[in-house]
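Reader: I am new to this structure and would like a close look at a single part, the surroundings of the ligand. Please take me through them slowly.

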Amino acid sequence: MSFRKDFLWGGATAANQCEGGYNEGGRGLANVDLAPVGPDRFPVITGEKKMFHFDEDHFYPAQNAIDMYHRYQEDIALFGEMGFKTYRLSIAWSRIFPLGDETEPNEEGLKFYEDLFKECRKHNIEPLVTITHFDCPMHLVEKYGAWRSRELVGFYENLCNVIFNRYKGLVKYWLTFNEINMILHAPFMGAGLYFEEGENKEQVKYQAAHHELLASAIATKIAHEVDPENQVGCMLAAGTNYAYTCKPEDVWAARKADRENFFFIDVQSRGEYPAYALKELEREGIELPIEDGDLELLKEHTVDFISFSYYSSRVQSTDPAVNEQTAGNIFASVKNPYLEASEWGWQIDPLGLRTTMNDLYDRYQKPLFIVENGLGAVDSPDENGNVVDDYRIEYLAAHIKAMKDAVELDGVDLLGYTTWGCIDLVSAGTGEMKKRYGFIYVDRDNEGNGTLKRSKKKSFDWYKKVIATNGEDL
Ligand code: P53
């Protein structure tokens with residue numbers, strides 16, 4: 001026996017990548033709605049290009065996505081058929097507070113998620129809810145500059161108060177911020193941040209990070225007060241950094257790159273800003289906007305578990321001659337000559353998952369939860385319309401095997417595993433539909449054409465068997 005009896009097998013999605021219905025049910029506009037497909041996506045999500053309104057020259061895939069807003073019953077029934085124990089989804093902030101700074105929530109938005117959670121329960125699926133998965137109401141972006149402003153902490157607190165009370169008894173697993181370290185790599189997508197000319201970007205990012213960390217601690221506090229059953233996790237875009245060689249400078253570079261990410265989790269899990277970060281920020285002239293009482297809040301309200309996404313390991317080198325980069329990834333990394341890569345250049349490294357799990361467990365000594373993992377690939381239905389995705393099965397089987405080793409051989413405490421994009425959805429990095437992760441195929445293309453019909457891929461029955469045998473039969 002390796003995985004716990006109550007191991008939470010399942011899949012994961014995010015509101016803006018699957019719901020659509022961007023202007024329905026009283027929903028307000030959000031930053032994530034405004035990221036187009038195509039060459040302008042990268043400058044928009046990194047905050048370099050301001051795009052605060054839709055224009056005719058671009059296609060915005062989040063507007064309708066895979067229309068889960070209208071089809072969630074069918075989709076959750078399919079998850080139930082696969083035997084999901086959990087379904088990770090996110091709440092669209094602007095469905096609950098369309099502008100973000102209102103005092104009264106939008107009942108239609110609240111009701112939508114209540115119905116959705118009840119639908120999960122009907123299929124014995126435990127919802128795992130990300131409070132913010134890259135989304136921020138545009139009104140908060142335009143009026144306050146999003147997370148650079150401390151006022152966002154209060155608006156987020158309102159959101160948490162409302163949802164924790166409303167969904168008490170329906171939801172008990174919560175994640176505060178999806179991939180909180182994404183603020184450093186894609187600041188507009190990650191935290192609604194864009195930059196004015198001449199602005200000190202690092203100052204803005206770390207200022208916003210302090211506000212998010214504070215908001216996360218406050219959320220944890222409220223969650224525990226409202227219902228002691230609530231379990232709150234942080235969420236890291238993980239993936240251990242390897243040194244390209246054993247040259248001490250390369251090793252140090254890898255350590256530094258890891259710390260850039262650990263920084264967030266160190267605060268959320270250990271309750272303190274780590275010494276290395278305080279020193280570095282001081283050297284760089286960056287000031288954290290810490291006010292009276294902040295440090296106590298961070299210290300007292302640490303998370304119950306550590307969740308993370310894992311797609312790949314990363315490599316660091318200090319040798320300018322070693323400059324071949326991995327393609328198509330927001331996280332720049334040197335290419336690892338020992339690894340194969342996906343069609344989007346993401347390197348495939350199952351053992352890296354075991355290493356990452358051990359790194360996190362050694363450091364935090366709290367239960368882990370893998371909330372994203374998977375292979376983005378082009379799926380071509382055959383003449384009968386079937387997708388035979390053996391490559392996906394192979395990827396997932398190898399990663400589940402590695403995670404099993406971490407549990408069985410290394411003693412890591414793991415709560416569950418949710419694969420990313422269990423139903424095909426819009427890619428966060430590229431905006432494409434073509435980059436598919438699902439067990440369920442959705443008929444829709446990059447330009448938004450298609451019937452939106454759902455169909456099972458080969459991996460559907462495979463994953464069903466994995467869950468039924470608690471990971472024994474891969
Ligand atoms: P896509 C980059 C690196 C690591 C995780 O990504 C990332 C990204 C963004 O590209 O994001 C997470 O869709 C994120 C999901 C996202 C998923 O990884 O670019 O939490 O929203 O869809 C996969 O292939």
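Author: In what follows, Ala, Val, Leu, Ile, Met, Phe, Trp, Tyr, Cys and Pro count as nonpolar, Asp, Glu, Lys and Arg as charged, and the others, Gly among them, as polar. This is a predicted model, in which local features need pLDDT of at least 70 and side-chain atom pairs count only at pLDDT 80 or more, while totals for chains, interfaces and linings use all residues. Residues are numbered from 1 along each chain as its sequence is written, and side-chain values use heavy atoms, with hydrogens and water left out.

By class, the shell around the ligand is made up of nine nonpolar, six polar and three charged residues. Of these 18 residues around the ligand, where a residue is near if one of its heavy atoms lies within 4 Å, the ones that come nearest are Q17, E372, A428, K435 and Y437.

K435 also takes part in a polar contact, that is, a pair of N or O atoms within 3.5 Å: an N or O atom in the side chain of K435 is 2.7 Å from an oxygen atom of the ligand. Two further residues make such an approach, since S427 places a polar side-chain atom 3.2 Å from a ligand oxygen atom, and for Y311 the corresponding distance to an oxygen atom of the ligand is 3.3 Å. Taken alone, the ligand exposes 470 Å², and the protein buries 98% of that, with accessible areas coming from the Shrake-Rupley method with a 1.4 Å probe.

How values were computed:
Polar contact = N/O pair within 3.5 Å; in protein donor to acceptor, adjacent residues only side chain to side chain.
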